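I opened my notebook to look up two things here: how two of the chains meet, and how one residue sits in its surroundings. I wrote the entries down in the order in which I checked them.

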Amino acid sequence: MFLYALRRLLLAIPLLIGITFISFLVIHLAPGTPGEIQTGDLSIQSDKEIQKLLIELYDLDKPLHVQYGKWLTRIVRLDFGKSFSPDARPVLQKIGERLPVTLLLNIVEMLIIVVLAVPIGVGSATRQYSMFDKVTTVFVFVGFATPDFWLALLLMILFGVQLGWLPISGLRSLNWEYLSFWQQQWDFAGHLLLPILVATFGGLAGFSRYMRQSMLEVVRQDYIQSARAKGLPERVVIGKHALRNAMLPIVTVLGLSLPGLIGGSIIVESIFAIPGMGQLMVQAVFERDYPVIMGNLVIVSTLTLVANLLADVTYSFVDPRIRVGARRGRR
Amino acid sequence: MTVKRSAPPVALALSLALALGGCGGEADSAVDQVAGRAGEKPAYGDTFIEAMTGNISGLIPNVLTDSASFDVGSMIYSGLVTRDRDLNIVGELAESWKFSKDCLDLTFNLRKNVRWHDGRPFTAADVVFTYETMINPKTPTAYREDFKAVEAVREVDPHTLHIRYKQPYAKALQSWGTWMLPKHVLEPYVREGRLREAPQNRSNPVGTGAYRFGEWKPGEKVVLVANADYFEGRPYLSRVVYRIIPSQATIFLELKAKGVDSAGLTALQFKRQTEYPAFRKAYSKYQYPANAYTYLGFNHKDPRFADRRVRQAIAHAISKHELIDGVLLGLGREATGPYKPGTWAYTSKVKTYPHGMAKARELLAAAGWTEKNADGLLVNKQGHPFAFELLTNQGNDERKKVAEIVQATLKELGIQVDIRVIEWASFLKEYIKKRRFEAIILGWGIGLDPDQYEIWHSSKTGPDELNHISYANPEVDALLEQGRKSCVQEERKAYYHRLQEILAEDQPIIFLYFRDALPVVSSRVRGVVPGPNGLRYNFNEWYVPKHLQRYTSG
Amino acid sequence: MVCLALLAVLAPVIAPWDPNRPDVKKILDAPSGVHPLGTDQLGRDVLSRMFYGARVSLAVGFVSVGIASLIGIVLGATAGYHGGVVDATIMRLVDLMLVFPRLFLLLAVLAFLRPSIWTIMAVIGLTGWMGVARLVRAEFLALKEREFVVWSESIGASAFRIVWRHILPNAMAPVLVAMTLGIPAAILTESGLSFLGLGVQPPHASWGNILNEGKDAIEIGWWLSVYPGLAILVTVLSYNLFGEGIRDALDPRLRQSAGRIVTRR
């Protein structure tokens, strides 16, 4: 297993290069360059010279592989370069400002979802077709099908405007600097409550359904029957034996979600005026801000490769019969 | 500094209610807002909270291109001249000026007691520096054009400046309203061509404006603080906070919850969601024509649209009234040309196209479109149906709706319109610049000077230039050239009136409407006087009477 | 679910109003006898738009998820079953696609191709299979070590037969869940795409873009958000039941589970 992990890690480096290179090419497929966009708002005064200036500044006239090469040499020194947008700030700074909030939101959301989804999934599976199952199914799907912005606005109107209990948008109150430490945390929590609620409600469906599905499978297995026959309390049967084996798809889904932790939902962020990664990235796309996009890409790729590796390794722990990397025929 | 909104949320709501209910009363109408109740004296203090949908990209507006940065920048920096309520040019950093009869020599006398935010005095050297920065090829600015007409700028003494133009240039005086930059701070960056990377673009910019920089939290807020040393006297409102809220829906909710003091409303919000008593009491609503018009543009390289009768037919077919009602809920006015009603260059004595399908059909028939095919579409002599793609950019709901109404209207006429909404950057690059379009729905922002050479002149049809409809009319060319060379308003007026007549006759594009700007301002603010220049020209004179101040500050 | 499909197909016949014709006198009317679901921001009847929209949304939902699932199952099964180099290659392809900037691909496609319902379905399908692939692979990894597989192999059954008859039916469970979740996701993705310009072009309706357009009128035009949302919900729930039914029928173990199988409708 250790050798396997090592092999994967070594492979990761050329892989990263490959992935980023292909992505780099695709990014440049989309028409438009940052220079054109900055001066192309069709206002009455626009200047050809500034476009030329920006093109030179950003090396946009060089062939793609040259541009990529330059980027690569800088990245290995962990120099993410400067943003192409008019504020010309270092990419790492721009990402660094927004990453913490997004991470916080996503991690909290993920924790809540896992904590809620597992019992819901298990409960629905063990009581299949019961009232509990039916109600939770509908509830979960309602959460999934409800458009984020609708729920968000509804909650804002209720809690923000009508009742005035919670702030409507933003990360902090305007007078945050003048509050005590604990007041600050309280204020922060108040601002994040609604966004987390909205995000969680929508995301609950995924996990709980996978959990339920998986449990349904496992619960029919023979070894569960035999565990019951042995006279073990139902609790132990489910909690200890069934659950562990049902975790397989959960591990997969968690693994897929890990790289997503640094991505923000543009809708939730716009509505709640939270300066997160979602807004940064979407804006970067529209502005063709290549350094920021590539910077994000590098981080996401690394996370993806790491997450998949972790997921694969975890499979073996969850189900000892699985031997990842074993060739078919070798038993 | 204490701010009343400090307690945890529930207490906040209660205390706010008490505060508002307990002390004094709120304004009852817009009249109060303008005149103030009898006995109210201008008072210093309070914080004004604005909502911005976009992030600012920096603090040196000269090298930026987004309107958010300009709005904030205009508070921090000043120009030599500015515009008053009626759009007349008045002095800001300049006390007076003299323009020679031949429009070639401009002399400015600058104010003598102006200081930069860091305390150093403002002098003519700074103006020369700003000019040199703008024309420096290494400076990434989009607003160089006006200064290219200058032959030389000379500092006569620390408070007098002499500018010589190569030719008479109509926008000369106006161009000196651009933001003045401090030489002693920014010179090294300009020399190296790194103005955008100057620290003043990120924090602590140095300007001469009524407000100083307080704080910028990217993505969250920008805070400006009143400049006590402002040469016209300290502005009354102590702080201005710009909250960055990308969603219009959220801004509206914040408005209702009193989290922001001013916002621009959409037509829907203005008409249907803000008519209830509590809102009218808390906010004053304003309505005046904005400086932008929406149009239906044709590619004149397309033989169908090169025929004037076709364009005129479409002009008759489209009911601008229906458009304004449908898209703006009636909050706009018809456009007959590229100038806004109420400005000096505007004239209403031009040919108009009243809505009439019969007339439209007549014109189309005269242009050769007489037969209809089995689907009800007009066909030409070769049997090709009259169908075209109407492009517009993504992100603009208004234009999309205009396109949809135009589509339905032209369907009645027998013309098939397919709408395509395209993301802005791609739209620009692949369709506009390459002239790969048949018809478009776009808008033009109106500058304060009537010169529109860049848009209508036949020489400006290159790929990066603004005459993307490829319009060419020699008389129009001549008028544009003459218009921009004169600096006598009466003379120019004649040119631009004639220009409008020709454009109305030719209909190179169909001028659809000017939408109304629909701002609201918290009713506790006094001194708001709307006029042709909008609301904000006298922001420095707005104040909140002591008993109504919501955010007390030092 | 059958009802929905029927409605969609019959839309042109049963829709009471022209779904694309603006009427500026009726902007945002509340639901009434004349317009049972109200009118939208340009005065168009929402009920009719919902019928026409059903065609687009259901098609996009089912077809794109179908494509994605198909690709995912095939690739996931191959990777899980063969292991070794095959597995590694396919998984690295998955990694690439996960990181792939889908937005740019869309912008590029949009700029050069005419957007149509087929392009949308293709794009969503071709870029959304990774989850299914990983899920299937995981199941295969687990299942291939099972007794019945080992037995089949020892009897000399061909790989194809083993996969098709033995492993696949057991691996379908998470796939069905993914598909159930994928359908509304695809519908909502389509509305996001039409926001960008790739998607059904105005004035054509789809549930997603009715929702999108209704965003600005939430307070006074609640029907623009509620009805499409309800429609999506109903689609999802009915598909869910359908999927469960299939799974119950296919799963041999469930068949043996005494007394628990209730014949559901």
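Entry one. I looked for charged pairs between the chains of this predicted model, and I found that B:Glu404 forms a salt bridge with C:Arg44, with the closest N and O atoms 3.0 Å apart. I noted that the rule finds 1 salt bridge across the interface of chain B and chain C.

Entry two. I then asked which elements of chain B give two or more residues to the side that touches chain C, and I listed helix H8 (248-256), H9, helix H13 (320-328), helix H15 (397-413), strand E18 (416-422) and helix H16 (424-432). H15(B) gives the most to this side, with 8 residues. Sorting the residues of this side by kind, I wrote down 9 nonpolar, 5 polar and 14 charged.

Entry three. I turned to the extent of the contact, which takes 28 residues from chain B and 26 residues from chain C. The two chains, B and C, bury about 2,500 Å² between them, and 54% of this lies on carbon and sulfur atoms.

Entry four. I moved to B:Thr274, which lies in the loop between helix H9 (267-273) and helix H10 (277-282) of chain B. Is B:Thr274 buried or exposed? I recorded it as buried, because its relative accessible area is 0%.

Entry five. I followed the side chain of B:Thr274 and saw that it reaches the backbone oxygen of B:Gln269 at 2.9 Å, while it also makes a polar contact with the side chain of B:Lys285 at 2.6 Å. Leaving aside neighbours within four places in sequence, I found B:Thr274 in contact with residues including B:Phe252, B:Leu265 and B:Phe279.

How values were computed: Residues numbered from 1 in each chain as written. Chains lettered and ligands numbered in written order. Predicted model: local features only at pLDDT ≥ 70, side-chain atom pairs only at ≥ 80, totals over all residues. Heavy atoms only, no water. Helix = DSSP H or I, 4+ residues; strand = E, 2+ residues; numbered from the N terminus. Buried < 20%, exposed > 50% of the residue type's maximum accessible area, 1.4 Å probe, protein only. Polar contact = N/O pair within 3.5 Å; in protein donor to acceptor, adjacent residues only side chain to side chain. Contact = heavy atoms within 4.5 Å. Buried area = accessible area lost by both parts, 1.4 Å probe. Salt bridge = Lys/Arg side-chain N within 4 Å of Asp/Glu carboxyl O. Nonpolar A, V, L, I, M, F, W, Y, C, P; charged D, E, K, R; others polar.
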